[in-house]
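Visitor: I am new to this structure and would like a close look at a single part of it. Please take one strand and follow what surrounds it.

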Amino acid sequence: MEQPVQTETWKARSLEELIRILHQIFAEDKVSVDEVQALMESYESNPEEWLQYAKFDQYRYTRNLVDNGNGKFNLMILCWGEGHGSSIHDHTDSHCFMKILQGNLKETLFEWPEKKGNGEMTKKSERVLRENQCAYINDSIGLHRVENISHTEPAVSLHLYSPPFDTCNTFDQRTGHKHKVTMTFYSQFGERTVC
Amino acid sequence: LPAGLSQWFPALEVLDVSGTGLTEMGTELLSLPCLHTLLAKNNRLGGPGSLPKGLEQAPLARSLRVLNLSGNRFSEMPPALLQLRGLRSLSLGGNRLHGIPPDIQELHSLEFLYLGGNFITAIPPELAKLPSLRYLVLCDNKIQSIPPQLAQLHSLRSLSLHNNLLTYLPREILNLVHLDELSLRGNPLVVRFVRDLTYNPPSLQELAGRTIKTRNVPYAPSDLPESLVRYLSLASNCPNPKCGGVYFDSCVRQIKFVDFCGKYRLPLMHYLCSPECSSPYSSASQSSTSQSESDSEDEASVAAHRMQKVLLG
């Protein structure tokens, strides 16, 4: 992705339309981060349109694939029960967009740990993302932890990753040590994946 | 709750009265024989009358499976709650609880217990008497220590302890063989080896008791007062496999680090019979780093088999 080649102001009036426009954008050679972020933010979350993908698990957050973007991107819905959170992770050189569809998610940004670092990781900033807001991150910006800090409300988010990836590194906040993990889908295209 | 609820909807199975400003739930609940799920989150419950009187005799006490009271104003678990013997899932997240009553063990069918976001300072060992508990959430509280008995929760799959005041964990936590997920971030966990926290020299009774046990001095109940026979039965074995000693009340608390899955180091409490009894690989004067490292090797192989996924800081 590079600098914008044309400034468009998209308005996605439904999830289906959002996906259609994304396919259109990613068919081009050059894609603008700002354009994608604005598009994602323009979609007003309508639970009727995504409820079929929102499968919750009692114990931890779930990743539910919605669209595989002809290999150019992965669009998925993440479901976070009360208190569910991710570890600190990177994004394997990909772009990551995260839009809140329901509830709130807290995003804490961290600096990359020192090469042979053995100390507590440095927190850069934190914020609580509200419904319909869309955040963006990539490895050059830093690492993050995402969590649903509510003890009463579940949260649902829409994620776009480009290019798609299925492994990343998780980091121990106290030491900066990293550990490669493989990510799996709880469901794909609305069907529960059994593994 | 509106009067006549059970007359209009006698077959009611799921009732969701969340976000309605309720301050109490009355006797209308008691005549709903099919009710298995009651969601009453984000209300103003917590005072007397939050749960109806006569709950223990009502069919609800046996039929209710899921109860969600998160986002209310409970400062303690109402005793009536503990009458719900059929309860499988209980949520009291985001209330004002300062503790957990030992009678929680009465909820013997409980599988899911969410107590995140309260002011809980301690966990009663009786919590470990819940044989079906699979998911336990205690995050965002003020918990300073975990009772070792918690390792008896054989069904536990997920334990959430993040954002508390824990400095160490009991070594028994390694016994939770089915634990898939453990969150510990946001606790002031001790990072460096801490040696000799406090050591009270053993009493004469303790020294005599140790000698009898380690030398296998024979004795029978007719030889000793009953209190001493009981005392001798309480001997604990020193965890140092090379020591083979025992201790009673006097022990050294040492924090040792166990390398979980070869990647993370967790501080676990060990009890040793004296400061001189430490790692089998080192003498008492050894530097702290190598001591923790050599110990962590044997623990690591045990731990690696036991813990599958650890969600740490």
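Guide: What follows starts from one strand of chain A and then moves outward.

This is a predicted model, in which local features need pLDDT of at least 70 and side-chain atom pairs count only at pLDDT 80 or more, while totals for chains, interfaces and linings use all residues. Residues are numbered from 1 along each chain as its sequence is written, chains are lettered from A and ligands numbered from 1 in the order in which they are written, and side-chain values use heavy atoms, with hydrogens and water left out.

The part chosen is strand β8 of chain A, residues 143–147. Helices (H or I, at least four residues) and strands (E, at least two) are DSSP runs, numbered from the N terminus. Five of the five residues of β8(A) are buried, so the strand is largely enclosed by the rest of the structure. Buried means under 20% relative accessible area, exposed over 50%, and partly exposed in between (1.4 Å probe, protein chains only). In a regular strand the side chains alternate between the two faces of the sheet. In β8(A), one side carries A:Leu143, A:Arg145 and A:Glu147, the other A:His144 and A:Val146, and both faces are covered.

Strand β5 of chain A, residues 105–110, pairs with β8(A) in the antiparallel sense over five bridges. Two strands count as paired if DSSP finds at least two bridges between them. In this pairing, A:Glu147 of β8(A) is the bridge partner of A:Lys106.

A:Glu147 also leads out of the chain. Its relative accessible area is 8%, which makes it buried. A:Glu147 forms a salt bridge with B:Arg185, and the closest N and O atoms are 3.0 Å apart. A salt bridge is a side-chain nitrogen of Lys or Arg within 4 Å of a carboxyl oxygen of Asp or Glu. B:Arg185 lies in the loop between β9 (181–183) and α3 (204–214) of chain B, and A:Glu147 in strand β8 of chain A, so the pair joins two chains. B:Arg185 is buried as well, at a relative accessible area of 7%.

Over all chains, the whole structure holds 12 salt bridges. One of them links B:Glu106 and B:Arg85, with 3.2 Å between the closest N and O atoms. B:Glu106 lies in the loop between β4 (89–91) and β5 (112–114) of chain B, and B:Arg85 in the loop between β3 (66–68) and β4 of chain B, so this pair ties together parts 21 residues apart in sequence. B:Glu106 is partly exposed at 27% relative accessibility, and B:Arg85 is partly exposed at 34%.

Another salt bridge joins the side chains of B:Arg230 and B:Glu226 (3.4 Å, N to O). Both residues belong to helix α4 of chain B, residues 226–233, and sit four residues apart, about one turn of the helix. B:Arg230 is partly exposed, with a relative accessible area of 49%, whereas B:Glu226 is exposed at 61%.

As for chain B as a whole, it has five helices and 13 strands. Of its 313 residues, 48% are buried.
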